[in-house]
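Okay everyone, thanks for coming. I'd like to walk you through one structure today, so have a look at the screen.

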Amino acid sequence: MALTLYVDTARWRAHHKHVQEQFPGLVPVCKGNGYGFGHERLAEEATRLGADVLAVGTTYEAARIKDWFGGDLLVLTPFRRGEEPVPLPDRVIRSVSSVDGVYGLVGARVVIEVMSSMKRHGVSEQDLPHLHAAIENVRHEGFAIHLPLDRTDGSDAVEEVIGWMDRLRAARLPLHTMFVSHLKAEELVRLQQQFPQTRFRARIGTRLWLGDHEATEYRGAVLDVTRVSKGERFGYRQQKAASDGFLTVVAGGTSHGVGLEAPKALHGVMPRAKGVARAGLATVNRNLSPFVWAGKQRWFAEPPHMQVSILFIPADATEPKVGDELVAHLRHTTTQFDRLVDC
């Protein structure tokens, strides 16, 4: 009995091809937990797509994925002096976000990140005159810019990239390749038309692997069902059942990521109101689970355990049976499945 990720493989791969057609020369991204699929599986899919470069998050990820992907590996986390050395093959390309970082990678293959409106990391305009000497001692693979997802000020993503292209050109730095993130297909076309001598390569993760929500589904298997009456005590904390119903033990607990949630940016009054309501219910131990039974998302009977969750199914609903599977609305990037089934 397991928490299973079901993948409609043909549909999933058709989506990959569609994205690849929209973004010629795309660089697939495989980082974290492999967007819920695992590093080995995404390395296999990137190879199937014919990708020559696979972007990973850290040097530790590169050390693992190098045995599963035969092309170049682009490490997205910038190099810092003093970091723990990790043995890596020559086909690994390091990102750098400072002049000092370039000087610290003599002989290495490097991509230089510029500071975008994200304000996360990158070289500044003032750094550009110092890059000439620095890049003489590395194998410069191009520049990169990581753009924000939302532009609440109404600014144009393409104009931001153009601004950096003009600065780099004015500084007489090589512009053969620019790696970009979070651009639309039509925006990439605009850039390629304006700068035909530069190859723009989109680094894409979420849109590539998770863009078709109907291609994947998590389901947790029912392990046990126990009928309880109103007022009857149960669980670790011996709470009382609020009404008659069924305590349903389902595969999927904290070790799988169930009950764990990354903070979300809320836009608008209604989402904020719902967030406040959920927080209020949580203070009285009422937490909605990600599991769905009989068309409704069901409540946790108590906080999820390490490998299972106990749900409360009211008596007026159909009684679950051992072996049934409940659809689970889980976030791929925070979930670890027991098994993956291609179907």
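Before I get going, one bit of vocabulary: when I talk about a helix axis, I mean a line fitted to the C-alpha atoms over the stretch in contact, and the angles go from 0 to 180 degrees between N-to-C directions. We need that because two packed helices are described by the angle between their axes and the distance between the axes.

Also, keep in mind that this is a predicted model. The mean pLDDT of the protein is 93, and 92% of its residues reach 70 or more. Residues 272–285 are another story, with pLDDT below 50. Beyond near neighbours in sequence, that stretch makes six contacts in the model.

Right, helices. Take H1, residues 9–22, and H2, residues 39–48: their axes come within 11 Å and cross at roughly 60 degrees. So H1 is oblique to H2. As for handedness, H1 and H2 make a right-handed crossing. Who's touching whom? On the H1 side you've got Thr9, Trp12, Arg13 and His16, and they meet Arg41, Leu42, Glu44, Glu45 and Arg48 of H2. Sorted by class, that H1 and H2 contact has five charged residues, two polar and two nonpolar.

Now a second pair: H6, residues 157–170, with H7, residues 185–194. Here the axes are 10 Å apart, at an angle of about 30 degrees. Angles under 35 degrees count as roughly parallel, so H6 is roughly parallel to H7. H6 passes H7 in a right-handed crossing. From H6, the contact uses Ala157, Val158, Glu159, Val161 and Ile162, while H7 brings Glu187, Arg190, Leu191 and Gln194. Those H6 and H7 contact residues split into five nonpolar, three charged and one polar.

Last topic, the sheet. It's an open one with eight strands and parallel pairing, in the order E2-E9-E8-E7-E6-E5-E4-E3. Which strands stand at the edges? They're E2, at 27–28, and E3, at 53–56; each has a single partner strand, so one side of each has no neighbour in the sheet.

Zooming in on one pair, E4 (residues 72–75) runs parallel to E5 (residues 92–96), and three bridges join them. Over there, Val75 sits opposite Arg94 of E5.

That's my tour, thanks for listening!

Terms used:
Residues are numbered from 1 along each chain as its sequence is written. This is a predicted model: local features need pLDDT of at least 70, side-chain atom pairs count only at pLDDT 80 or more; totals for chains, interfaces and linings use all residues. Side-chain values use heavy atoms; hydrogens and water are left out. Helices (H or I, at least four residues) and strands (E, at least two) are DSSP runs, numbered from the N terminus. Angles under 35 degrees count as roughly parallel, over 145 as roughly antiparallel, 65 to 115 as roughly perpendicular and the rest as oblique. A crossing is left-handed if the near helix is turned anticlockwise from the far one by less than a right angle, and right-handed if clockwise. Contact means heavy atoms within 4.5 Å. Ala, Val, Leu, Ile, Met, Phe, Trp, Tyr, Cys and Pro count as nonpolar, Asp, Glu, Lys and Arg as charged, and the others, Gly among them, as polar. pLDDT is the predictor's confidence in each residue, from 0 to 100. Two strands pair if DSSP finds at least two bridges between them.
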